[in-house]
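Welcome! Below are a few short exercises, each followed by a worked solution. Have a look at the sequence and the model before you begin.

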Amino acid sequence: MTGNDIERIKAVKQKHERTWLALDGVVAVGIGTLRSGATGIVISVREDTGALRTKLPEKIEDVEIEIRVSGPLRAL
């Protein structure tokens, strides 16, 4: 993974995160290490529902996406 790869992933995240965050159940969008070991976009959701999964891609613009259940997030 190079600095250019990270910058490309950041650009893809910034391009799409507002759309994803507007979906009911999505609580956060970030960049991280996926279960596969690759660096990609992590979309955190309150709960993993079939309806929500149909609205979220597994990959976008050649960047892998992983959906993780975090539950609701609260600011402290």
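## Exercise 1: The surroundings of E64

Find which residues E64 is in contact with, leaving aside its neighbours within four places in sequence.

**Solution.** Keep in mind that this is a predicted model.

- Step 1: With those neighbours left out, E64 is in contact with L34, S36, A38, G40, I41, E58 and K59.
- Step 2: Place the residue in its element: E64 lies in strand 4.
- Step 3: Pick out S36, whose side chain makes a polar contact of 3.5 Å with the side chain of E64.
- Step 4: Add a distance: E64 and G37 are 27 residues apart along the chain, and their C-alpha atoms are separated by 11 Å.

## Exercise 2: Two accessibilities

Decide how H16 and E64 should be classed: buried, partly exposed or exposed.

**Solution.**

- Step 1: The cut-offs are under 20% for buried and over 50% for exposed, with partly exposed in between.
- Step 2: H16 has a relative accessible area of 17%, so this residue is buried.
- Step 3: E64 has a relative accessibility of 34%, so this residue counts as partly exposed.
- Step 4: Now look around H16, which sits in helix 1. Apart from neighbours within four places in sequence, H16 is in contact with I60 and E61. The side chains of H16 and E61 are joined by a polar contact of 2.8 Å.

## Exercise 3: The sheet

Work out in what order the four strands are arranged, and which strands stand at the edges.

**Solution.**

- Step 1: The order is 1-2-4-3, in an open sheet with mixed pairing.
- Step 2: Strand 1 (26-33) and strand 3 (59-60) each have a single partner strand, so they stand at the edges, and one side of each is left without a neighbour in the sheet.
- Step 3: Strand 1 runs antiparallel to strand 2 (residues 39-45), and seven bridges join the two. In this pairing, T33 stands opposite T39 of strand 2.
- Step 4: Helix 1 (residues 3-21) packs on the sheet and touches strand 1, strand 2, strand 3 and strand 4 (63-69). The direction of helix 1 makes about 170° with that of strand 1.

## Exercise 4: The core

Name the residues that touch the most other members of the largest nonpolar core.

**Solution.**

- Step 1: This core has 15 residues, and W20, V26, I41, I43, V45 and L56 touch the most other members.
- Step 2: Helix 1, strand 1, strand 2 and strand 4 are the elements that give two or more residues to the core.
- Step 3: Follow I41: beyond four places in sequence, the residues that I41 touches include I9, V12, W20, V29, V63 and E64.

Terms used:
Residues are numbered from 1 along each chain as its sequence is written. This is a predicted model: local features need pLDDT of at least 70, side-chain atom pairs count only at pLDDT 80 or more; totals for chains, interfaces and linings use all residues. Side-chain values use heavy atoms; hydrogens and water are left out. Two strands pair if DSSP finds at least two bridges between them. Contact means heavy atoms within 4.5 Å. Axes are lines fitted to C-alpha atoms, for helices over the stretch in contact, and angles run from 0 to 180 degrees between N-to-C directions. Buried means under 20% relative accessible area, exposed over 50%, partly exposed in between (1.4 Å probe, protein chains only). A polar contact is a pair of N or O atoms within 3.5 Å; within protein, one must be able to donate a hydrogen and the other to accept it, and residues adjacent in sequence count only if both atoms are side-chain atoms. A nonpolar core is a set of buried Ala, Val, Leu, Ile, Met, Phe, Trp, Tyr and Cys residues joined through side-chain atoms within 4.5 Å.
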